[in-house]
Amino acid sequence: MNPRRGYQIAKRVFDIAFACILLVALSPVLLVSSLLVVLSMGFPVLYRAERVKQGGQSFTMLKFRTMVQNADKLGPVITAACDPRITPLGALLRKTKIDELPQLINVLKGEMSFVGPRPNVPIIVSCYSGDEMQLLNVPQGITDLSSLWLRGQEFLLEGTDDVMHDYENRVAPIKVRLGLYYVYHANFWLDLKIIVATATAIILRQDPTWSFPKEAVADTLYLVNQMVNDNSRAA
């Protein structure tokens, strides 16, 4: 069997088995979170976000609702930590990443994987360059290297006057660079390290960069320094 094909099969089997285990183990958390959302914000409990999956097709990504009703009509698709659309309960769900747990259903359905580039909204995908389109060659995931590197993304955008501009110039380049690294170097061992690093970063607040291959760290630091120098020259 082709090693790449073997990896893809193992990844899918792992996704199904691990998603089932977590859905059962975390069912009390899911139930309590659902009740809290209803009591504090009313229905609907889930936010259904249009995203683009592997191959370029759209799908509905599930999250616990963390914002006011019709939030997508009241502001940009990218949110900062200080976004007034986020409710107090929503801020807690985001901080603990509990809002992402309904995506276990997306994983079971085969629309997402545990590890892979974070799925983007269609309007951003429509602006992908040729290189960026390669991000859609692998399953989109709940977590990845860029999620770990930018685990405080909302706070990076806090206080900005133009969230979309700052996202495109300060966050998106790093997401793309690390996403493409994953596309080219994905393997089951790297997937397991990313999952463990994500769990320890959320639960124990540990630095997750131990899971990064050295070349990925060096390449990302080089990009960050480039952006800092470019911003300094622009100022």
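**Figure 1. Thr-198 within helix α9 of the predicted model.** Thr-198 is buried, with a relative accessible area of 16%, and the cut-off for a buried residue is under 20%. The structure shown here and in the following views is a predicted model. Thr-198 belongs to helix α9. Its C-alpha atom and that of Thr-209 are separated by 9.9 Å, although the two residues stand eleven residues apart along the chain.

**Figure 2. Helix α9 from its N-terminal cap to the residue that follows the helix.** Helix α9 comprises 16 residues, 188–203. With 1.5 Å for each residue, a span of 22 Å is expected, and the end C-alpha atoms lie 23 Å apart, so the expected and computed values agree. At the N-terminal end, Asn-187 acts as the cap of α9. A side-chain oxygen of Asn-187 is placed 3.1 Å from the backbone nitrogen of Trp-189. Along the helix, the buried residues are Leu-190, Asp-191, Lys-193, Ile-194, Ile-195, Ala-197, Thr-198, Thr-200 and Ala-201. Just after α9, the backbone of Arg-205 adopts a positive phi of about 60°.

**Figure 3. Arg-205 in the loop that follows α9.** Arg-205 is located in the loop between α9 and α10 (214–234). Its phi is positive, at about 60°, although the residue is not a glycine. Is Arg-205 buried or exposed? With a relative accessibility of 55%, Arg-205 counts as exposed, because the class of exposed residues begins over 50%.

**Figure 4. The largest cavity and the residues that line it.** The structure contains one cavity of 30 Å³ or more. The volume of the largest cavity is about 50 Å³. Its lining consists of Lys-11, Phe-14, Asp-15, Ser-113, Phe-114, Val-115, Phe-188, Asp-191, Leu-192 and Ile-195. Two or more lining residues are given by each of α1 (3–25), β3 (113–115) and α9. Which element contributes the largest share of this lining? That share, four residues, comes from α9. By residue class, the lining of the largest cavity has six nonpolar, one polar and three charged residues. Rolling a probe the size of a water molecule over the atoms shows where empty space is left.

**Figure 5. The second largest pocket.** The volume of the second largest pocket is about 300 Å³. Its lining is made up of 18 residues, and those nearest the centre of the pocket are Lys-11, Gln-54, Ser-113, Val-138 and Pro-139. Helix α1 supplies the largest share of the lining of this pocket, six residues. How do the lining residues of the second largest pocket divide into nonpolar, polar and charged? They comprise six nonpolar, six polar and six charged residues. Lys-11 and Ser-113 also take part in the lining of the largest cavity.

**Figure 6. The hairpin of strands β1 and β2.** Strand β1 (residues 46–52) pairs with strand β2 (residues 58–64) in the antiparallel sense, and the pairing extends over seven bridges. Tyr-47 is positioned opposite Lys-63 in β2. The bridge partner of Arg-48 in β2 is Leu-62. Between the two strands of the hairpin there are five residues. Within this hairpin, Gly-55 has a positive phi near 90°. Strand β2 is mostly covered, with five of its seven residues buried. In a regular strand the side chains alternate between the two faces of the sheet.

**Figure 7. The cis peptide bond before Pro-44.** The peptide bond that leads from Phe-43 to Pro-44 is cis, and its omega is near 0°. Pro-44 is situated in the loop between α2 (27–41) and β1.

**Figure 8. Lys-97 in the loop between α3 and α4.** Lys-97 occupies a place in the loop between α3 (88–96) and α4 (103–108). Its phi is near 70°, a positive value in a residue other than glycine. The relative accessible area of Lys-97 is 34%, which means that the residue is partly exposed.

**Figure 9. Asn-120 in the loop after β3.** Asn-120 lies in the loop between β3 and α5 (122–125). Its relative accessibility is 15%, and Asn-120 therefore counts as buried. How many ångströms separate the C-alpha atoms of Asn-120 and Pro-3? The separation is 29 Å, and the two residues are 117 residues apart along the chain.

Note on methods. Residues are numbered from 1 along each chain as its sequence is written. This is a predicted model: local features need pLDDT of at least 70, side-chain atom pairs count only at pLDDT 80 or more; totals for chains, interfaces and linings use all residues. Side-chain values use heavy atoms; hydrogens and water are left out. The expected span of a helix is 1.5 Å times one less than its number of residues. Buried means under 20% relative accessible area, exposed over 50%, partly exposed in between (1.4 Å probe, protein chains only). A polar contact is a pair of N or O atoms within 3.5 Å; within protein, one must be able to donate a hydrogen and the other to accept it, and residues adjacent in sequence count only if both atoms are side-chain atoms. On a 1 Å grid over the protein atoms alone, a cavity is a set of points where a 1.4 Å probe fits but cannot get out, and a pocket is an open set with protein on both sides within 12 Å along at least five of seven lines; lining residues have an atom within 4 Å of a point. Grid points are joined across faces, edges and corners, and a volume is the space filled by probe spheres set on the points. Ala, Val, Leu, Ile, Met, Phe, Trp, Tyr, Cys and Pro count as nonpolar, Asp, Glu, Lys and Arg as charged, and the others, Gly among them, as polar. Two strands pair if DSSP finds at least two bridges between them.
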